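Dear colleague,

Please find below the structure that I am handing over to you. My notes on it follow directly after.

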Amino acid sequence: RRVAERRKNLIVLTMYHLLDHGYRNTCETLASEAGVQLSDYVVADNVDLMTIVQEYEAYFEMRFDRKPKLVKKAPGQGVDV
């Protein structure tokens, strides 16, 4: 149950992030595929995906004295995104 709620929260946060950055069609596709309607949920005050990532990076750097590596290049890929 906890995992399902975490998954839903992540999907909703992602959907709001997509909308904030102009990816409306992508957001609608995600809503359709995930079975989550954005009209059913509102993100809590002062919470967004970017803030969560920034706070995690700050925590990780404070705790381990290095920046976290959130993504890395796929093996055999040399193209920057």
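Tyr-16 counts as partly exposed in this predicted model, because its relative accessibility is 25%, and a residue is called buried only under 20% and exposed only over 50%. Tyr-16 belongs to helix H1, which covers residues 2-20. Glu-5 stands eleven residues away from Tyr-16 along the chain, and the C-alpha atoms of the two are 17 Å apart.

Which residues does Tyr-16 contact, once its neighbours within four places in sequence are left aside? They are Leu-38, Tyr-41, Val-42 and Val-43. With Tyr-41 there is also a polar contact: the side chain of Tyr-16 comes to 2.9 Å from the backbone oxygen of Tyr-41.

Two of these contacts of Tyr-16, Leu-38 and Val-43, are also members of the largest nonpolar core, which has twelve residues. Among the others in this core are Ile-11, Met-15, Cys-27, Ala-31 and Leu-49. Helix H1 and helix H2 (24-34) each supply at least two residues of the core, and H1 gives the most, with five. Leu-49, for its part, touches Leu-10, Leu-13, Thr-14 and His-17, when residues up to four places away in sequence are not counted.

On the surface, a nonpolar patch is formed by Val-53, Tyr-56, Tyr-59, Met-62, Leu-70 and Val-71. Together they have about 630 Å² of accessible area. Val-53 lies in helix H3, residues 49-64, and is partly exposed because its relative accessible area is 30%.

Yours sincerely,
A colleague

Terms used:
Residues are numbered from 1 along each chain as its sequence is written. This is a predicted model: local features need pLDDT of at least 70, side-chain atom pairs count only at pLDDT 80 or more; totals for chains, interfaces and linings use all residues. Side-chain values use heavy atoms; hydrogens and water are left out. Helices (H or I, at least four residues) and strands (E, at least two) are DSSP runs, numbered from the N terminus. Buried means under 20% relative accessible area, exposed over 50%, partly exposed in between (1.4 Å probe, protein chains only). Contact means heavy atoms within 4.5 Å. A polar contact is a pair of N or O atoms within 3.5 Å; within protein, one must be able to donate a hydrogen and the other to accept it, and residues adjacent in sequence count only if both atoms are side-chain atoms. A nonpolar core is a set of buried Ala, Val, Leu, Ile, Met, Phe, Trp, Tyr and Cys residues joined through side-chain atoms within 4.5 Å. Patches are made of residues with over 30% relative accessible area and no salt bridge: like charges are joined within 9 Å, nonpolar side chains (Val, Leu, Ile, Met, Phe, Trp, Tyr) within 5 Å. Accessible areas come from the Shrake-Rupley method with a 1.4 Å probe; for residues, only the protein chains shown count as cover. A salt bridge is a side-chain nitrogen of Lys or Arg within 4 Å of a carboxyl oxygen of Asp or Glu.
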